[in-house]
Every structure is written in C-alpha cells, then in structure tokens.
Amino acid sequence: MPNFYIDTPSLKHHLHHPLMQRIVELKERNFRDKDEFDYAPIDFEDAMENYEKVLEIVGEICGDTIAPNAEDVDREGPTVSNGRVTYAEGTLKNLDAVHKAGLMGISMPRRYGGLNFPAVPYIMAADMVSRADAGFENLWGLQDCAETLYEFGDEDQRRRYITRVCAGETMSMDLTEPDAGSDLQAVMLKATYDEAEGCWRLNGVKRFITNGDSDIHLVLARSEEGTRDGRGLSMFIYDKKNGGVNVRRIENKLGIKGSPTCELVYRNAKAELCGERRLGLIKYVMALMNGARLGIAAQAVGICEAACREGYKYACERHQFGKAIINFPAVYEMVALMRARTDAARTMLYETARFVDVYKALEDISRERKLTPEERQEQKQYAKLADAFTPMAKAMSTEYANRNAYDAIQIHGGSGFMKDYTCERLYRDARITNIYEGTTQLQVVAAIRHVTTGTYLNRLRVYEALAYRPELECYGKRLKEMTDIYEKSVATVTAAKDGEYLDFMARRLVESAAHCVLGYLLLQDADKDDSFLKSADVYINYGESEIRKNQDFISRFSPDNLSSYRQEQNFTLDTTA
C-alpha cells in the first residue's frame, strides 16, 4: 500500500517552510530536553528529521491499516449497549496501530509522555489520517483536547490526565445540547458543588458529542445559579472511571460513521473544575474551538486530497467514445480545479498552522518567564493572524472538500452513486465538515471583522511585496489587481454604514479576501517548486473570476435591495396543512 506521506510531496514542501526555524527554536527552548529525554532533538536539523520520521510512520499506518479498514468501518460502525460504546473492529485495529506507534499526545510536552511536536507536523498527520478515513480522524484528532488541559488545567491535572492521553486514552469535548447547538450560551447542563465530597456534580443531557464514550471528557456546564448567558458557564473534567455518564444512543448519521456521535445523560456525575469559574465559554471553549477548527480544516484537506485522487484515477481509467474521459475538456477542467482547490486549501492550512505555532509557543514561554518587548510584539502579531486565518481556513477548506467530493462523483457518473466506489463515502463524510465546530456562516461572522479592520488587506500587501521569479511576475500583477478589487468592494460595503447590509455581504467579502490569499500562497509555493505552477495558474484564473463576480454583485446591490431577500416577504408557509 502507498505511504501517504511519501506519495504526497507537497507535505514535505510545507514542512520545510522557512518559518519552521523560528517555530522549532521557540518550541524546543534551545533544545533543553535533550539532556533528559533520549528522543529529544539536539538541534534544528535533528528536530526536522524527527518530524519526517514520525510523519513517514503516520503515512505508512494510513496506507497499510486505516485506509484499507475504512470501507468496513463505514458499513459496520460503532454500537451501543448498556450505556457503553463498542467501536467497529476496524476502528479498534486503527486505535491499536496508532497507540503502538506512539502517536497519541503528539503535541504535548515530553514530561507528560508526548512528542512536543509543533502544530505544523501534527496537522500534517491529521491531514493524512483524514485522507485515509475522515471518521477515524475524529477519534484520533480529539487528542487535541489535551491542549486545553495543558493551557488551563493545573499541574496536578496535567500529570493525571495528559499522561493518560499520551498513553493512548481518548478524549471528547462535551459542549452541545438539544437546545444549545451553535448558541453555546444556552447550555444548561447543571454543575453543583458537593460540599461533603469536595467535588462538582453534573446533571443533564449533551447531544452530538463526538466520541462521547471517551475516557476523559471536557464538559461545558452551568455552574452559576440563576444565570442564562455565557458568564455562568465553567469548564469541567469528567473521568469515565468515576461513572455517572451513560450513552443514551448513537446518532444514525449520513457520514463519518466510524466515529460515534452520542447523546449523553449525566446523572450526578463527579467532575472537577478546569481553570476558573465563569470562564468556560468566554475563554476556554473559544480556545478549544479554535484548535478544533484547525483540525477540521485538516480533515477537509485530507478529504480534498482523497476525492481528487479518486476523480483523477477514474477519469484516466474510464473510456467513452474511444478515449479516456480525462481527455474531454469538461472533465479535465474539473480535475484541474479539484487539484487546485486541494493545493490551495492545503497551503492555507499550513500557513495558519505556522501562525498558531509561533503565538502558542510564545504564550507558553510567557508562563515560564516574562517576554521581551520584541517577543510580546511578535506574539501579538501572530495571535492576530491566527485569529484571522483560522475561520478563513476552516470555511474555505470545508467548502472545497464538499466541492471536490461532489465533482469526484460527477466524474464517476452513475457508478459514483453506488457504494462500490470510495467517492460515495467521501461525499457523505465531507458534508459535515462545513457544519460542525461552527458552520461556514459562523466562520464568516468570525472573519468579517478582519475584513473591516484591514487584517487581511495588510497581510495581502505583505505578500504583494515579496519578490517572485521573473516568469511569475505576471501572476503577481494579477493578484495585485484582485487585491485592489477586494479593497474597493470592502470600501463600497462599509461606506453604507449599515450593519445588516455588511452582514449580507460578509460572505462575498471574506471569500474575495480568501481568493487573494490563496492565490498569493500558491504563487509563493510555485516560486519555490515548479510542481505547484499548474495549480497556481488554475486557481488564480478561478479566483479572479470569483472576485469580479462578487464585485459586480456588490456594485449593483444597495441596502434597499435587502427587503426582497427577507423571508417574510419572499414566501409564506401554510402551517395548517
């Protein structure tokens, strides 16, 4: 079977980005772990070699174990009995493989049993696992919840729980409820302090909880009596060993069937506070969700890659009218766009991961010592960029995963509608990516302030100022024109000083910014590696047409036109039928 790291050269390209020197320097703290841990790197080159070795192991497991198990896992799925979940046989084999390979707690410090990897190589592993089986990524990738324990738990909690995750135990984040989906302020699971036992007790119901029968749960619950908003919510740690939580049912889902999505019933479940009271939503969940959104972006890129490969393979094999269908313009345009979307989503994913790495590492260092003024400025800069790029990366990559999966089926024709072909599963798996951990519409809400405050435009001007090879300068000029169009569109919308109008146009503005960003990032890739040139060319053509389309719509659409789109004036429903 193929090694998913070796057969995807773009991963190595992104791993060796120039900013990795700074990221490793910050993450390894002058390689101080080398004297205590024999597997700790001694210098930058050693660290990069370690990342590559581990990623090759991940790639091998993906090709030899996870991908071959994917179809059986999709058919079998998990089951629930007496309040407990049993994974599909293939899922158990996958978990055993990653556990034996030491691939749990990848990003955690070595003192807790982790590998101390930065986000970039960890997200690369998630990218590959998702290409193999997006459903399994939901189980393996939840180890990222340990990051919240590391950031906000106390040292005792870190040593008790993070060590268990690194040893192979699973996690979940129990946030949503039947009446609290995207609006987490409405969470009502009740947390009361048990004076006699010196612990907290949780009572209520959680719904749509991924891997809900995990070993360790992070739970959002209402700790403040009489409150109904986010200020009354706190974060708690629930240990399955203590009992008190049962799985009422597993949701019967469209896709990602290997990952049990559970409804949980809490009955006086013993728990402990993580961090401070009242900060559960406004601080801890926000941090947790940003990490989760980067993980979903990786999941989407993996699906993009899988769908692209399935579509291309079939187009080369399938013959109609005397030749392979890849030779028909209608098909090769689809395949070219699938590859361009995949490369674009991936380059944004790793640009975002690099921003996260720098600011997170400096934030961690600030817990040990006072940052220098230069470090504080660097931390602030990259935190802002990470905050801007995370929702954009999640939105664009998940929409492209859905598009690629759709096109893969279209290329397969009627065969793609049958369960005999992988693309049918990919289509079902992709659909959730632009819904969970915040819908695309919510990512636009998070991103729009970076449109109006100029974060994206300022970054685009940084990309614009970079030097490119002479033969690529024509692309640079076109991207500058695209950026100018985006800037004018923003000015048109904001000049109206109408909040509803801005909200209505937000998606078009964010997408226009994204097309410019993605074009520039692909141009940077092509400047270093000719293998990206075709994707850069295709994507810039595509992005240019999309930006002009958005500009045309904005220029013709005034706030007065909004009334035509309001539901109550557009159609009525007969509720008496």
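Visitor: Is Cys423 buried or exposed?

Guide: This is a predicted model, in which local features need pLDDT of at least 70 and side-chain atom pairs count only at pLDDT 80 or more, while totals for chains, interfaces and linings use all residues. Residues are numbered from 1 along each chain as its sequence is written, and side-chain values use heavy atoms, with hydrogens and water left out. Buried means under 20% relative accessible area, exposed over 50%, and partly exposed in between (1.4 Å probe, protein chains only). Cys423 counts as buried because its relative accessibility is 0%.

Visitor: How many disulfides are there?

Guide: A disulfide is a covalent bond between the sulfur atoms of two cysteines. The criterion here is a pair of cysteine sulfur atoms within 2.5 Å, and by this rule the count comes to 0 disulfides. For Cys423, the nearest cysteine sulfur, that of Cys308, is 13 Å away.

Visitor: Why is the sulfur of Cys516 not in a bond with the closest cysteine sulfur?

Guide: The closest cysteine sulfur, in Cys474, is 16 Å from that of Cys516, which is too far for a bond. Cys516 is also buried, with a relative accessible area of 0%.

Visitor: How is a helix such as α15 to be read, and what should its residues span?

Guide: Helices (H or I, at least four residues) and strands (E, at least two) are DSSP runs, numbered from the N terminus. The expected span of a helix is 1.5 Å times one less than its number of residues. Helix α15 (residues 473-495) has 23 residues and should therefore span 33 Å; its end C-alpha atoms are 33 Å apart, in agreement.

Visitor: Which residues of α15 are buried?

Guide: An α-helix has 3.6 residues a turn, so residues three or four places apart point the same way. In α15 the buried residues include Tyr475, Leu479, Met482, Tyr486 and Val493. Among the elements covering the buried residues of α15 are α13 (440-452), α14 (455-465), α16 (499-528) and α17 (533-556). After α15 comes Lys497, with a positive phi near 50 degrees.

Visitor: Where is Thr210 placed, and which residues does it touch?

Guide: Contact means heavy atoms within 4.5 Å. Thr210 lies in strand β5 (residues 199-210) and is buried, with a relative accessible area of 16%. Leaving aside residues up to four places away in sequence, Thr210 touches Asn138, Leu142, Ser172, Ser259, Pro260 and Thr261.
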